[in-house]
Structures are given as structure tokens and as C-alpha cells.
Amino acid sequence: MDEEILRQRGLKVTEARMKILEILSDQHAHLSADQIASMLEKSGFSSVSLATVYRVLTQFHEAGLIHKHQFEDGASVYELADDDHHDHIVCERCGKIEEFFDAKIEKSQERVARELGYALKGHTMVLYGICSLCAGKEDR
Ligand SMILES: [Zn+2]
Ligand SMILES: [Zn+2]
């Protein structure tokens with residue numbers, strides 16, 4: 001992740017913006033503003049307030065750099081937008097978010113839309129469940 005990306009979108013390069021981009025660049029990161037703020041604090045950016053994090057995330061979102069998701073019961077989470085299309089499955093216990101892509105589901109959605117006379121422009125597909133780690137804890 002480099003400074004060019006910010007400049008290309010007309011955003012001034014600041015340490016806080018670079019650090020937030022770096023945090024979101026971590027593999028498959030899906031993070032809330034709160035989580036990002038506490039990660040910033042841990043890496044020595046304690047002067048960056050939660051309000052600043054929200055402001056930066058809004059700027060990134062408007063610039064098309066990140067996607068914003070609102071999952072059931074949860075805070076909004078953000079992820080980098082440079083990924084290929086994928087859908088999400090969310091653990092209702094621990095809040096873990098994982099990604100999946102299923103060509104059959106994608107095709108079915110297109111077929112349903114077509115049958116209803118729509119040209120499909122997009123979709124939101126979120127599965128909710130209990131992850132294997134949380135299910136394992138229950139067994140003990
Ligand atoms: Zn879980
Ligand atoms: Zn994702």
C-alpha cells in the first residue's frame with residue numbers, strides 16, 4: 001500500500017491515513033472503527049481520536065478505497081476495496097467474519113433476477129452461523 005493511492009484519490013498523505021490503510025491491508029481485514037482505533041493506539045498512534053478514524057474512513061469510503069458493511073447486530077466494518085467480489089459469513093458468537101465465493105450462488109442470483117425481469121446490478125449475501133472454534137468451546 002503506498003502513498004500514490006492516496007494522492008490518486010486527491011487525499012493528502014498523512015501518517016494516520018497511511019497507518020489506517022496499512023491496518024486495512026492486512027489479509028482479509030474486516031474491522032470496525034473501534035477496532036482500528038485500538039490498533040492505532042497499540043502501534044503508537046494514541047493521538048488519533050476515534051472521531052478522526054471515522055472521518056478518515058468516511059473519506060476512504062467516498063473515494064472508493066474501502067467497502068463498508070453493516071452486519072446484523074454489529075458495528076459497521078470496513079475492508080479494502082481492491083479485492084475481487086466475495087460474500088461473507090459471520091459467526092454470531094465471536095463476530096469473526098470470513099469470506100467466500102460460490103459460483104453456483106452467484107449464478108442462481110442472476111437467474112432469479114432474470115426470471116423477475118431484472119438486470120442484476122449487485123447483491124448483498126451474508127450468512128450467519130456459529131464458527132467451528134465457538135462450536136468446539138460449547139462441547140467442553
Ligand atoms: Zn466464533
Ligand atoms: Zn470481505
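**Group meeting: a zinc site in a predicted model**

Four cysteine sulfurs hold the zinc ion (ligand 1): Cys91 (SG), Cys94 (SG), Cys131 (SG) and Cys134 (SG), at 2.3 to 2.4 Å. Donors here are N, O and S atoms within 2.8 Å of the metal (3.2 Å for Na, K and Ca), and water is not among the atoms, so sites may look incomplete.

A word on the source. This is a predicted model, where local features need pLDDT of at least 70, side-chain atom pairs count only at pLDDT 80 or more, and totals for chains, interfaces and linings use all residues. Residues are numbered from 1 along each chain as its sequence is written, chains are lettered from A and ligands numbered from 1 in the order written, and side-chain values use heavy atoms, without hydrogens and water.

Back to the zinc. What is the geometry of the site of the zinc ion (ligand 1)? Tetrahedral, with angles of 105 to 118° among the four donor atoms. The test for four donors is that all angles lie between 85 and 135 degrees. The ideal is 109.5 degrees.

In sequence, the donor residues run C-x2-C-x36-C-x2-C. Cys91 sits in strand S4 (residues 87-91), and Cys131 in the loop between strand S6 (126-129) and helix H6 (132-139). They are 40 residues apart, so this pair links distant parts of the chain. Both Cys91 and Cys131 are buried, meaning under 20% relative accessible area with a 1.4 Å probe, protein chains only.

Now the whole protein. There are six helices and six strands, taken as DSSP runs (H or I, at least four residues; E, at least two) numbered from the N terminus. Their order is α-α-β-α-α-β-β-β-β-α-β-α. Of the 140 residues, 34% are buried.

Notes: Tetrahedral: all angles 85-135°; square planar, octahedral: opposite > 155°, others 65-115°. Buried < 20%, exposed > 50% of the residue type's maximum accessible area, 1.4 Å probe, protein only.
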